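The following exercises concern salt bridges, solvent exposure and surface features. Each task is followed by a solution in steps.

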Amino acid sequence: MASPAVPQLLLAMTLPLLWSPVAPTAQPELSQAGEESGQQLDQENGAGETILVSGYAHLEFASRIWPQALSRNLTLLAASTSFIPRKLTGLSLTTKCHVDHQGWSYCTCSLGYQWNSTLCSHFPSCTNHSSDLDPCHCRIFHDPVPSYCQLLPPVPANLTLGSHLQMPGNTLNITLFMSQEATNLRWFLKHPNRKLILLWPGTNVFQTYKQGQAGLSVTHVSYHWTGKYISIFEAQGFRWNLYQEVQVPLEEKEVTRLPDQLSISCATSPGFQLSCCIPRTNVAYIAAWSPNKDSQASMHNTSDSQCLVLAVQHCPAADTTYTCTLQSQNVTPLMAPVSVTIIQDGDTTCPEDFSVVAWNVTKAGHVAQAPCPMNKRGMIKRSCWSDGVWGPIQNSCTEGSILILCQEAQLLLAGQGKPDEEVPFILSQLRGQVKVASTPSDLWELLHIVTILAEVVVEKRMELTGRALKDLLETTDNILDVNTSSLWTLAQAEKPSMGSDFLQAVEILVHSLSPQQHPFSFTTSNLQIQSQLFRHTSSPGYNMSFSTGALLKVQIPWYSLAPLVHNGTNISITSLVLQKLDHLLPLNYIQGLGNAPYTTPGLVLVIAIIADGQAFTQAEVIIDFEDMNGTLHCVFWDHSLFKGHGGWSNEGCQAQAAGAVTQCICQHLTAFSILMSQHTVPESPILNLLGQVGLGASILALLLCLGVYRLVWRVVVRNKVAFFRHAALFNMVICLLAADTCFLGAPFLPQGYSSPLCLATTFLSHFFYLATFFWMLAQALVLAHQLLFVFHQLSKHLVLSLMVILGYLCPLGFAGVTLGLYLPQGKYLWEGKCFLNVNGVRLHMFSEPVLVIVFVNGLVLAIAVLKLLRPSLSEGPPVEKRQALVGVLKALLILTPVFGLTWGLGVATLLDQVSEVPHYIFTILNSLQGVFILVFGCLTDKKVLEALSKRFCGTQPSNSAISLATNETYISEPGKRSEHASYEERMNT
């Protein structure tokens, strides 16, 4: 045998033989230079018949040049004397092998022959790279060569297609009919001039298989599904591939016009350009612009698009519509119109401007357009408003490389590609694309890519490697970085749920980490991830500490993990802290949290438990946050809320103080955080004590006030005006007494929505406080009438009826609507306590009506002061002026607490988020409202004092005091009355 360094040719051949009808007694052998055994021959054919026999011979040649002719009169050696020699009538070569200097044999099959599927799968191709379309014609072996190429049988299948031309949006159906059993069936798509793409059951691809038939369906086809569809399978020991060509024409939405409308001034711009671009496809199109007078069209091609540019040399005299027509055989032409509006003299226009790009003169009511910078796709638009003022710039430009990745991800989800290879590749490319993001569209597309990859992982149920997860986390870190924060506002205006979708995608991808990668840890400036693998042996539970500011520690007790660990199951727990993301989520809150503005500690915690590839969401988790002032809510982000936009929910979570930390205990796993009201009342024992003491004093003062009225009522209400005034004050006392009593006793009642007594107390407290203010309003309106309509007489029964309607029915309506509107939503009570919810409900249904009433009362107070000052200060002597000033001061002291103007401090408590001073002032003044009413509304009234003095002492008070509360005429001398006194009487009656 020749040296391995000498070129050799090994061949296997088929031998047509002619033989005589003599029955041999032994099996013949084919033995040539290689001494290889021959193949068994069929000995039962008739006389003189020619049969086809496969034989294997090892022939060596001095060179790689094949001899021009071989002797065909070869005689096979007989195995015994009874074996009659056969005549070789033909020789067909099946396999040619070349042995290199290292002893490797490169064996190629002749036409009509192929390596069987077993050898094809176990030995490398001669091209040194594997391909799904490899026809198994050449393989590399190391001596000895195990076999030779086999004769291919007839094709065992037929690939059928209804029509080679598929319309966009339709469903493509391809069927493979098989006459033999087939295995390892796969479908591929070969785009023109592109690599082979595996088709897998994504969102658009469906594969079916039954006995003797296999099908491929692609829904909602577009030009991205144009190409050669190939079916590769194994049957009869060989690998087969069949294909069908499919063409999908373009749609009108895939034709890009730049601009799609144009407003132009012929005086400043005599010419202009219009572009009509389409993506590259295997469907041939002929493009043309019309009209094309005084213009020149030219074709501009890029790697992924073709553009027909029309250069119009002369501006048309009137408005014209230019149309780009794209025609292809057997396809309806595509029409892309561009309207050109000519600016005439006298038209309102927006002037030239150079903000971001150069904006030409544009007619009012039209939209100016400009191309995107280099390497970006899209368009920059700016509206010219009807008054000739430029509107805001709308930038939809997107980085071309980001769009390419997004399209790859979308096609991967649809069913094109190999997810195990494409997902890690896109993640590795995505990391660098964040740095080039400069527009809201860039940011939105980046987040959209991550969301699509998460869907692919779910559809394919694939696992990520540690390297792929690090690429994702680095991308997330860059997205959360402050450099992109300015883009979020504009991007979220287009898609409010983008932050929630991004959070969900990150959760899914983190959960998909391969079990072999645990334990895993990774830390950047904006995130921290730690994973831990638990064996089936006993463990103290999951305990993980973090160095991320507000979040201190996460614990999962062992009793929550024990049910998952059975039959030797190992579980992995992953904790991911995302900083800044909570500020990028929509401000949505579940029923019970209300709509008040909240702040968060700047982080979101994601926890995942994976056991045997399955995610578990039910487990008790204890999260320690650093101590924070105010009312805290332990919440999680529920992606299903608000029609899929997501929102914060506190279901299954509760907060509790644990020494110097705040603990959140939740009974499920998801994305956690903690909410703090931006305008929450500071938690202060002193403040609470002042409120309780003030309410107690107020209740006692109101009871005393009722006792006084019981003693002096007949004396002080001798005319209609006095009756109106004191009737309003008496009802204010009743309502405020009932309201303070309900408020003070609420903490001692059973709490929550399940307690009817709690709900009733909250309703009555709301109603009586509102009624107090509406009776204040009634008193103010009666006073205003006395000051403005001096000589108008009032009907006692009419006014009293109106006061009752205003004082009781109006607040009853507010309280009833509040109960009916917010109770079904779970927003009526504040954190389940017997108080009206401070988050939105109290603001809209209590504070706003009260502030309106306070404003009206303030106007009445101003009118009263002006009426007192105008005659006194302009006409009276200096002594009278001093008396008038004292009267103004006393009026302010009386009317301010009675009319509830101190509630205006509530605005300060809403606006001040730092200082506690407004809270203290507000609490003291309003909790002592009853005391003020007793002192200034009752005890400073001259008639009341006279009646009490007469009843208990039998004396009259001095007449030297200035009366601000009497309802009778003050007479200093018989027949004389000062104008100042008359105003005082109207003021106090």
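A residue is termed buried under 20% relative accessible area, exposed over 50%, and partly exposed in between. The model examined here is predicted.

**Exercise 1.** Classify arginine 467 and its salt-bridge partner glutamate 474 by exposure, and state which network they belong to.

Solution.
- Step 1. Arginine 467 has a relative accessible area of 45%, so this residue is partly exposed.
- Step 2. Glutamate 474, at 23%, is likewise to be classed as partly exposed.
- Step 3. Between glutamate 474 and arginine 467 there is a salt bridge, with 4.0 Å between the closest N and O atoms.
- Step 4. Through shared partners, salt bridges connect Arg431, Arg467, Asp471 and Glu474 in one network.

**Exercise 2.** Describe the salt bridge between aspartate 471 and arginine 431, and determine where each residue lies.

Solution.
- Step 1. The closest N and O atoms of aspartate 471 and arginine 431 are 3.1 Å apart.
- Step 2. Aspartate 471 belongs to helix H5 (residues 466-479) and arginine 431 to helix H3; the pair, 40 residues apart, links distant parts of the chain.
- Step 3. Aspartate 471 is buried because its relative accessibility is 4%, whereas arginine 431 is partly exposed at 29%.

**Exercise 3.** How many salt bridges does a search of the whole structure find? Analyse the one formed by lysine 195 and glutamate 422.

Solution.
- Step 1. The search of the whole structure yields 11 salt bridges.
- Step 2. In the salt bridge of lysine 195 with glutamate 422, the N to O distance is 3.7 Å.
- Step 3. This pair joins distant parts of the chain, 227 residues apart: lysine 195 is in the loop between strand E11 (183-190) and strand E12 (196-199), and glutamate 422 is in helix H3 (residues 419-433).
- Step 4. Lysine 195 has 58% relative accessibility and therefore counts as exposed; glutamate 422 has 17% and therefore counts as buried.

**Exercise 4.** Locate glutamine 313 and identify what it touches.

Solution.
- Step 1. Glutamine 313 is placed in the loop between strand E22 (305-312) and strand E23 (320-328).
- Step 2. With residues up to four places away in sequence not counted, glutamine 313 touches Pro270, Gly271, Asp294, Ser295 and Gln296.
- Step 3. Proline 270 is 43 residues from glutamine 313 in sequence, and their C-alpha atoms are 7.1 Å apart.
- Step 4. A relative accessibility of 43% makes glutamine 313 partly exposed.

**Exercise 5.** Which residues make the nonpolar surface patch of about 470 Å²?

Solution.
- Step 1. The patch is made by Leu798, Leu802, Ile805, Leu809 and Leu812.
- Step 2. Leucine 798 is found in helix H12 (residues 796-822).

Terms used: Residues are numbered from 1 along each chain as its sequence is written. This is a predicted model: local features need pLDDT of at least 70, side-chain atom pairs count only at pLDDT 80 or more; totals for chains, interfaces and linings use all residues. Side-chain values use heavy atoms; hydrogens and water are left out. Helices (H or I, at least four residues) and strands (E, at least two) are DSSP runs, numbered from the N terminus. Buried means under 20% relative accessible area, exposed over 50%, partly exposed in between (1.4 Å probe, protein chains only). Contact means heavy atoms within 4.5 Å. Patches are made of residues with over 30% relative accessible area and no salt bridge: like charges are joined within 9 Å, nonpolar side chains (Val, Leu, Ile, Met, Phe, Trp, Tyr) within 5 Å. Accessible areas come from the Shrake-Rupley method with a 1.4 Å probe; for residues, only the protein chains shown count as cover. A salt bridge is a side-chain nitrogen of Lys or Arg within 4 Å of a carboxyl oxygen of Asp or Glu.
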